[in-house]
Amino acid sequence: MSLTQRDQKHIWHPLTQHKLQKEIIGIKKAKGVYLTDEEGNEYIDAISSWYTSVYGHCNDFILEKVKAQMDQLDQIVFSGFTHKPAVELSEALISILPSEQEKIFFNDNGSTATEVGIKMALQYHFNQGNDRKVMLAFEEGFHGDTFGAMSVSGLSVYNGAFEEHFIKVKRIPVPNGNNTKEILQQLKKIHEETPLAGFIYEPLVQGAAAMKMHDGEGLNEILRFCKSRNIVLVADEVMTGFGKTGKNFASDYLTIQPDVICMSKALTAGLLPMGATSCSLEIYNAFYDDELAKGLFHGHTYTANPLACAAALAGVKLLKSKEIQQSIQLINNANTEFERTLNLHPKVAETRNLGVIFAIDLNIEMERYGSTRDNIFKSFLKKGIYLRPLGKTIYIVPPYIISKEELSKIYKSITEVLDAL
Ligand SMILES: *Cc1c(COP(=O)(O)O)cnc(C)c1O
């Protein structure tokens, strides 16, 4: 029996309606930009496996560092103990994070990274006796699948069933270049009626909303208002972090810097699961007290797992290298050039492009959209490309180590799929 057949017996997959999706592909190998399925078909991983494997799968440098760590120290309790990979990683992260960031709190994944960010914002005010219990978020944001993270995400199939159990949240639209004034008015009113504790936002690019990009100047204005009212700024850089937007962090494009930054996905270069939440000294100091209960009593058993830290440390080293920085630029140049060829395509409604992220909104009828989406997905697989269309959007976030030829193959496949629509 194939993996695909055996899988059906006991496995429940994430984000999957099993009655509708029967075909799950068995993957037996991943190396560089290539995934190989159990029948031997190869696919270029055009989305870096959900934006994690940005230095390529089974990257030799990262493997070497993690293997060496495995011989030394596998796992210890991180309350009361520390270790070299965590210390070195904290130093490496601080060296690339925006300058206000001073402390790193480790956790397990993107959802827990944002969960901790939300808790930092709420307890920052709680510890000071401020009556602020409400979070602010963007309407179409996505911050993860745990309860706090779900609450601040836009409503969708992901979280609709749990709405009654959400933490308190107010939502505003993203700035589009024309609506900043209205958003600020709305925001002022919200804050007067229900004092806000924190604002969680995906800076500049909303990944799960199909790589929607918003206006940086408008975002700066919103952030400036929040800062002036002591609303804690929590930047969710789980998707945007570690070079994807062309800078180390999307916040680097903005003049107003966050108090808290949530990281995961490419943090560990796609090798092991881990999240991290960084914060400024001002946030940290609100928890630093003689009173035990003012501490942040959040912890996961595998917090700062030494192997994950070793992978992350190797990842940051690669990110800082000239080669990787150059590749990010080259991918952006290539995306920009490809974008031009699509300008007049009748099936293209809009394109978006930042760093290595490139998205195309399709100009097609929405009816029978589910099957159209599935057909698009399958035609890419047939052409040897793995990407996951989201609604009417085709997007790529290629690994930084992709070659020019492999990129061209992705572009050629996209053009062929568009032509066939
Ligand atoms: C993926 C993602 C998350 C959730 O991360 P998980 O590791 O899947 O829990 C949170 N925020 C953003 C912006 C993401 O892209």
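Biologist: To start me off, which helix holds both Glu-193 and Lys-189, and how far apart are they in it?

Modeller: Helices here are DSSP runs of H or I with at least four residues, strands are runs of E with at least two, and both are numbered from the N terminus. In this predicted model, Glu-193 and Lys-189 both belong to helix H7 (residues 180-193), four residues apart, or about one turn of the helix. For your bearings, residues are numbered from 1 along each chain as its sequence is written. Local features need pLDDT of at least 70 and side-chain atom pairs 80 or more, totals for chains, interfaces and linings use all residues, and side-chain values use heavy atoms, without hydrogens and water.

Biologist: What joins the side chains of Glu-193 and Lys-189?

Modeller: A salt bridge, with 3.9 Å from N to O. The term asks for a side-chain nitrogen of Lys or Arg within 4 Å of a carboxyl oxygen of Asp or Glu.

Biologist: Are Glu-193 and Lys-189 buried or exposed?

Modeller: We read that from relative accessible area: under 20% is buried, over 50% is exposed, and in between is partly exposed (1.4 Å probe, protein chains only). Glu-193 is exposed at 57%, and Lys-189 is exposed as well, at 52%. Elsewhere, Glu-350, Arg-352 and Asp-361 are joined into one network by salt bridges that share partners.

Biologist: How many salt bridges does a search of the whole structure find?

Modeller: It finds 12. One of them pairs Lys-84 with Glu-88, whose closest N and O atoms are 4.0 Å apart. These two sit four residues apart in helix H4 (residues 84-96), so about one helical turn separates them. Lys-84 is exposed, at 59% relative accessible area, whereas Glu-88 is partly exposed, at 31%.

Biologist: Which parts does the salt bridge between Asp-60 and Lys-31 tie together?

Modeller: Let's look at the contact itself, then its setting. The closest N and O atoms of Asp-60 and Lys-31 are 2.8 Å apart. Asp-60 lies in helix H3 (residues 60-70) and Lys-31 in strand S1 (residues 27-31), so this pair links parts that are 29 residues apart in sequence. Asp-60 is exposed, with a relative accessible area of 54%, while Lys-31 is partly exposed, with 36%.

Biologist: Now the ligand, please. Which residues are around it?

Modeller: A residue is listed if one of its heavy atoms lies within 4 Å. The shell consists of Asn-109, Gly-110, Ser-111, Phe-142, His-143, Gly-144, Glu-202, Asp-236, Val-238, Met-239 and Lys-265. Sorted by class, it has three nonpolar, five polar and three charged residues. Here Ala, Val, Leu, Ile, Met, Phe, Trp, Tyr, Cys and Pro are nonpolar, Asp, Glu, Lys and Arg are charged, and the others, Gly among them, are polar.

Biologist: Which atom of the ligand is 2.7 Å from the side chain of Asp-236?

Modeller: A nitrogen atom of the ligand, paired with an N or O atom in the Asp-236 side chain. An oxygen atom of the ligand is 2.8 Å from a polar backbone atom of Gly-110, and an oxygen atom of the ligand is 3.5 Å from an N or O atom in the side chain of Asn-109. On its own the ligand has 380 Å² of accessible area, and the protein covers 82% of that. The area comes from the Shrake-Rupley method with a 1.4 Å probe.

Biologist: What is there to say about phi in Lys-265?

Modeller: Most residues other than glycine have a negative phi. In Lys-265, phi is positive, near 45°. Lys-265 is in the loop between strand S11 (260-263) and strand S12 (275-280), and it counts as partly exposed at 26% relative accessibility. Asn-230 also is not a glycine and has a positive phi, of about 60°. The loop that holds Asn-230 runs between helix H8 (216-228) and strand S10 (232-236), and Asn-230 is partly exposed at 32%.

Biologist: One last residue: is Thr-52 buried or exposed?

Modeller: Thr-52 is buried, with a relative accessible area of 17%. It is found in the loop between H2 and H3, and its side chain reaches the backbone oxygen of Ser-49 at 2.8 Å.

Technical notes: A polar contact is a pair of N or O atoms within 3.5 Å; within protein, one must be able to donate a hydrogen and the other to accept it, and residues adjacent in sequence count only if both atoms are side-chain atoms.
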